[in-house]
Amino acid sequence: MDHGSHGGGDDGSSCKISMLWNWYTIDACFLTPNWHITTQGMFAATCIGVILLVMLVEFFRRLGKEYDAFLMRQFQRESARRYVDGTSFGPHVITFRATVLQQLTRSVLHALTFGSAYIVMLLAMYFNGYVIICIFIGAGLGKFVCDWLEVKMDVDGGKEDKQIRGIEEPSVCCG
């Protein structure tokens, strides 16, 4: 039974779109009537594309975190160069602010992450079991490839680095 079909394509065939869980392959459509699956090869390419898109979300997320860490290292070097001397007494608070170009770069990386995550969310809303499985596969592969856990330990003092690198939130979908 076709729940919510609408016309798509010039050949008179229709897209199968459902707001209920489905396993449609041929005649499935995603995001636009132009993304109309007419062959098994097209559906396989869609599944591979979804996996790569989710991996790209993880890559953008990691890139944003790495860029922020890079800026922090720059700020720390600048702080050490400018403000650390042996004659000062008491604690000092210094504030560094990202330049316009640095903040623009951070914003573009965030927009890329946010936008691609929303496209993934829209794809999931088709409730296609194969596409949802591909989203899970892409998330797992993306985590494996783009967010390798790294912990630095001080072996002399036995203290672990408080800055454990890894993703703090499970999803970037909503901000």
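These legends accompany a set of close-up views of a predicted model.

**Figure 1. The whole chain, with 3 helices and 6 strands.**
Let's start with the overall layout before zooming in. Reading along the sequence of this predicted model, you meet the elements in the order β-β-β-β-α-α-α-β-β. The protein chain has 175 residues, and 30% of them count as buried. Its accessible surface comes to about 11,800 Å², with 65% of that belonging to carbon and sulfur atoms. Among contacts between residues at least 6 apart in sequence, 58% join residues at least 24 apart.

**Figure 2. Residues 41–60, a stretch that carries a UniProt annotation.**
Here we follow one segment of the chain. An unreviewed UniProt entry lists residues 41–60 as "transmembrane region". In the model, this stretch is 100% helix and 0% strand. Its end C-alpha atoms are 28 Å apart. Helix H1 itself covers residues 40–83.

**Figure 3. The largest nonpolar core, made of 22 residues.**
If you are looking for the residues that touch the most other members of this core, find Phe30, Val50, Val120, Leu123, Val131 and Ile135. Strand S3 (29–30), H1, H2 and H3 each supply at least two residues of the core. The largest share, 8 residues, comes from H1. Val50 makes a handy landmark: leaving aside residues up to four places away in sequence, Val50 touches Leu123, Val131, Cys134 and Ile135.

**Figure 4. Met121 of helix H2, shown with Ile135.**
Helix H2 spans residues 100–124, and Met121 lies within that helix. Met121 has 25% relative accessibility, so this residue counts as partly exposed. Ile135 follows 14 residues along the chain, and the C-alpha atoms of Met121 and Ile135 are separated by 9.3 Å. Ile135 may look familiar, as one of the core residues with the most contacts to other members.

**Figure 5. Arg62 and its salt-bridge partners Glu66 and Asp147.**
Which residues does the side chain of Arg62 meet here? One partner is Glu66, with an N to O distance of 2.7 Å. Both residues of that pair lie in helix H1, 4 residues apart, which is about one turn of the helix. Glu66 is partly exposed, at 26% relative accessible area. Another partner is Asp147, at 3.6 Å from N to O. This second pair links distant parts of the chain: Arg62 sits in helix H1, while Asp147 is in the loop between helix H3 (129–146) and strand S5 (153–154), 85 residues apart. Arg62 and Asp147 are both buried.

**Figure 6. The salt bridge between Arg81 and Glu78 in helix H1.**
A search of the whole structure finds 6 salt bridges, and here is another of them. The side chains of Arg81 and Glu78 meet at 2.6 Å, N to O. The two residues are 3 apart in helix H1, so about one helical turn separates them. Is each partner buried or exposed? Arg81 is exposed because its relative accessible area is 61%, whereas Glu78 is buried, with a value of 19%. Elsewhere, salt bridges with shared partners join Arg62, Glu66, Lys143 and Asp147 into one network.

**Figure 7. Two loop residues with positive phi, Asp27 and Phe127.**
Most residues other than glycine have a negative phi. Asp27 has a positive phi, near 75°. Asp27 lies in the loop between strand S2 (14–15) and S3. With 21% relative accessibility, Asp27 counts as partly exposed. Phe127 has a positive phi as well, near 55°. Phe127 lies in the loop between H2 and H3, and is partly exposed at 30% relative accessibility.

**Figure 8. A nonpolar patch on the surface.**
To finish, we move to the outside of the model. Trp21, Trp23, Tyr130, Ile133, Ile137 and Leu141 form this patch, and together they have about 580 Å² of accessible area. Tyr130 lies in helix H3. With a relative accessible area of 34%, Tyr130 is partly exposed.

Key:
Residues numbered from 1 in each chain as written. Predicted model: local features only at pLDDT ≥ 70, side-chain atom pairs only at ≥ 80, totals over all residues. Heavy atoms only, no water. Buried < 20%, exposed > 50% of the residue type's maximum accessible area, 1.4 Å probe, protein only. UniProt positions renumbered as here; feature names shortened; annotations may be inferred. Salt bridge = Lys/Arg side-chain N within 4 Å of Asp/Glu carboxyl O. Core = buried A, V, L, I, M, F, W, Y, C linked by side-chain atoms within 4.5 Å. Contact = heavy atoms within 4.5 Å. Patch = residues over 30% accessible without salt bridge, like charges linked within 9 Å, V, L, I, M, F, W, Y side chains within 5 Å. Areas by Shrake-Rupley, 256 points an atom, 1.4 Å probe, with all protein chains shown as cover.
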